There are 2 protein chains.
Amino acid sequence: MKHSRNLFSRLAIPGFALGLLFASCSRDSQPVATSRPIFGIVIHGGAGAISQKNLKPEREAAFRAKLAEAVTTGHRILQNGGTSLDAVEAAIRILEDSPLFNAGKGAVFTSEGTNELDACMMDGKTLKAGSIAGVKHIKNPISLARLVMEKSRHVMMVAEGAEKFALTQGIELIDQKYFFTQERWDSFQKARERESQQEKQPKPSSGLFLDTIEPDRKYGTVGAVALDKAGNLVAATSTGGTPYKRFGRVGDCPIVGAGTYANNATCAVSATGTGEYFIRLNVAHDISALMEYRGVRLEQAANTVIKEKLTKLGGDGGVVAIDKQGNIATPFNTSGMWRAHALGPDGKAVTAVFQP
Amino acid sequence: MKHSRNLFSRLAIPGFALGLLFASCSRDSQPVATSRPIFGIVIHGGAGAISQKNLKPEREAAFRAKLAEAVTTGHRILQNGGTSLDAVEAAIRILEDSPLFNAGKGAVFTSEGTNELDACMMDGKTLKAGSIAGVKHIKNPISLARLVMEKSRHVMMVAEGAEKFALTQGIELIDQKYFFTQERWDSFQKARERESQQEKQPKPSSGLFLDTIEPDRKYGTVGAVALDKAGNLVAATSTGGTPYKRFGRVGDCPIVGAGTYANNATCAVSATGTGEYFIRLNVAHDISALMEYRGVRLEQAANTVIKEKLTKLGGDGGVVAIDKQGNIATPFNTSGMWRAHALGPDGKAVTAVFQP
């Protein structure tokens, strides 16, 4: 078992280094007017307290295989001249359809035993964005977010309203049973037991309402950012939210500028982590603003926001980001972040989970 | 009638200029260690196509009087050493309780004849924020947003979830009848007639879903920003949303970074206008980022984002903003924006509506 994990690690490290090398080489190139067109896609499957010791090799292999499938699918679309919009949507739908990630099929349960999903997409060319939050009957939230962006005058729609809009667009509403997975249900039961025990304890005297939050923070929001051959950047994120969440809580994923942002002038960013901190810092937009206003490179901008600002405020998580030259950055301040990228004509899918 | 309006204009212009002069004088001072403590509050009651010709003097007088009452109440709190949190909450509650503005009591109707309110508050000292969207039974949404910020672990809560949280905090849920005003109901009926006529027209061939939006854009979101004697900045915004809105649409008001942002290092901003554009540009955070990363002054930062970026993208509206030195900025690209400020020990309430 150990051998298998090490094999993956060995495969991942040089591949990742190769990816960075490619990105580094492309820094001074023009995004379109080159004989070797610059394009690529980077995805994530969530960040958190992923323990190298406790991660079972077969589980790691399953995550890496699904990430590779998603990133390869997105890359193929870019390779064939498709748009970054199509690439990120296709990649995220694959992750949404997998029970492994906390998005779509694998969404966690709320404190009421329901599933409430959020998603967001932003087009860096037009700065158009579409976002949905708290939907319960949408199989692929990312596709609905795209429809909000492309077929409505609004940017954000929530709950039943978003589902009514879905019906006008020919999207079928599915039964919540679709989102049942034994693993998420078991976690939900554990959280319920924990809460029941907490309720027997005296309330904190501060008057602060302490909502129960699943301490096991390894469930993963999914996201993708891409640069297509036409030089257009797109960012997208999809999530089932915080496990055992209450009160119609909305995290950073559907908040334009917090969990998702794209601007052809700078970069495309998709985030994962403790959403409240990402909202307060406007993480995705802040990375873009650092590039726009201070002229720093993508990697430095992303590191500043994640490793300095986010860490200082007490938040945890990370981002995947790509700029208009095809440079990528994937900083995170947790022990792990599931991620993968496929860049340029080579397009080798490179997966990774722990700190480089 | 004309005389009355001109009298107001004459009063407003020198007062406003005085305010700017005060702000300008205080630019090089330290916010706390001065014998004349720098503090102040700026509020708005919405921007839009307010026509100088069609605005009845008695209506203008009513708006100005309510704005003056709100800004004076907030200023008194600051004057007495209170916090900017208390000042903006008190000011906004007064505007929410008035039927004149599109927030609280005067909220517009959705396409379903209901009222759905949003609000947000952000504390520049801690970067903590609280936001609610789509609540239907909360008399003063701004106070619930503050409770989300101070008494929960979350930043944003929507719809029934936010109301359940309100109950845990001792906030009473009120009957929707409270929000009935004849004026808003008449506008709702007109919008319904317009829609019914539109439905008889052939659908647009583009496939774009054109949601009916009230063409009369003078309803006003309300907002306030303040700097207290301790040097802390706070921003807050409250709205009834877009008239005749559908699909659980969420605008910029409850989106941290779009309609509301505060950071002691830079400024506090509250926005009003076509919310979708404010979300796509992250207007409030973008003004802060321009100050933080490019070192420009508040007025230049706010003008760049509203008069250049927002206008270029096709959005309309404006912001009120204050920085840590007590400088203020109130740019808007519409014909009017209801606004008022009261600054420093003088604290004279200065109201304005049209372009300076």
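# Working through the A–B interface and its surroundings

In this predicted model, 25 residue pairs are in polar contact across the interface of chain B and chain A, both partners being at pLDDT 80 or more. The exercises start from there.

## Exercise 1: Describe the contact between the chains

Task: Work out which elements of chain B give two or more residues to the side that touches chain A, and which residue classes that side holds.

Solution.

Step 1. List the elements. On chain B they are strand S3 (128–135), helix H4 (141–151), strand S4 (156–158), helix H5 (159–168), strand S7 (249–250), helix H7 (275–281), helix H8 (283–294) and helix H9 (298–313).

Step 2. Pick the main contributor. H8(B) gives the largest share, seven residues.

Step 3. Sort by class. That side of chain B has 24 nonpolar, 12 polar and 15 charged residues.

Step 4. Now the area. The two chains bury about 4600 Å² between them, with 58% of it on carbon and sulfur atoms. Phe247(B), Arg280(B) and Tyr293(B) account for 18% of what chain B buries against chain A, more than any other three residues. Each chain puts residues into the contact: 51 from chain B and 51 from chain A.

Step 5. Add the charges. Four salt bridges are counted between chain B and chain A. One pairing of side chains to look up is Glu112(A) with Lys164(B), at 2.5 Å from N to O.

Step 6. Finish with the strands. S4 of chain A (residues 156–158) is joined to S7(B) by two bridges, and the two run antiparallel. Met156(A) sits opposite Val250(B) there.

## Exercise 2: Place two threonines of chain A

Task: Decide whether Thr168(A) is buried, partly exposed or exposed, then do likewise for Thr221(A).

Solution.

Step 1. Thr168(A) belongs to helix H5 of chain A, residues 159–168. Its relative accessibility is 38%, and the partly exposed class runs between 20% and 50%, so Thr168(A) is partly exposed.

Step 2. Check its side chain. It reaches the backbone oxygen of Phe165(A) at 2.6 Å.

Step 3. Look at the rest of the helix. In H5(A), the buried residues are Ala159(A), Gly161(A), Ala162(A), Glu163(A), Phe165(A) and Ala166(A). Their cover includes strand S3 (128–135), helix H4 (141–151) and S4 of chain A. Just after H5(A) comes Gly170(A), with a positive phi of about 75 degrees.

Step 4. Turn to Thr221(A), in the loop between helix H6 (182–200) and strand S5 (222–227) of chain A. At 13% relative accessibility, Thr221(A) counts as buried.

Step 5. Find its partners. The side chains of Thr221(A) and Thr239(A) make a polar contact at 2.8 Å. Beyond neighbours within four places in sequence, the residues in contact with Thr221(A) include His44(A), Asn102(A), Thr237(A) and Ala271(A).

## Exercise 3: Compare three salt bridges of chain B

Task: For each pair, say where the partners lie and whether they are buried or partly exposed.

Solution.

Step 1. Begin with Arg64(B) and Glu60(B), whose closest N and O atoms are 2.9 Å apart. Both lie in helix H2 (residues 57–79) of chain B, four residues apart, about one turn of the helix. Both are buried.

Step 2. Next come Glu150(B) and Arg146(B), meeting at 3.1 Å, N to O. They are also about one helical turn apart, because four residues separate them in helix H4 of chain B. Glu150(B) is partly exposed at 33%, while Arg146(B) is buried at 12%.

Step 3. Last, Lys309(B) and Asp286(B) form a salt bridge at 2.9 Å between the closest N and O atoms. Lys309(B) is in helix H9 and Asp286(B) in helix H8 of chain B, so this pair ties together parts 23 residues apart in sequence. Lys309(B) is partly exposed at 21%, and Asp286(B) is buried at 0%.

## Exercise 4: Read a hairpin in chain B

Task: Find how many bridges join strand S12 of chain B to S13(B), and how many residues of S13(B) are buried.

Solution.

Step 1. Four bridges join S12(B) (residues 336–343) to S13(B), and the strands run antiparallel. Ala340(B) faces Thr351(B) across the pair.

Step 2. The hairpin has six residues between its strands, and Gly344(B) takes a positive phi near 65 degrees.

Step 3. Five of the five residues of S13(B) (350–354) are buried, so this strand is largely enclosed by the rest of the structure.

Key:
Residues are numbered from 1 along each chain as its sequence is written. Chains are lettered from A and ligands numbered from 1 in the order in which they are written. This is a predicted model: local features need pLDDT of at least 70, side-chain atom pairs count only at pLDDT 80 or more; totals for chains, interfaces and linings use all residues. Side-chain values use heavy atoms; hydrogens and water are left out. Buried means under 20% relative accessible area, exposed over 50%, partly exposed in between (1.4 Å probe, protein chains only). A polar contact is a pair of N or O atoms within 3.5 Å; within protein, one must be able to donate a hydrogen and the other to accept it, and residues adjacent in sequence count only if both atoms are side-chain atoms. Contact means heavy atoms within 4.5 Å. Buried area is the accessible area (1.4 Å probe) that two parts lose on being put together, summed over both. Ala, Val, Leu, Ile, Met, Phe, Trp, Tyr, Cys and Pro count as nonpolar, Asp, Glu, Lys and Arg as charged, and the others, Gly among them, as polar. Two strands pair if DSSP finds at least two bridges between them.
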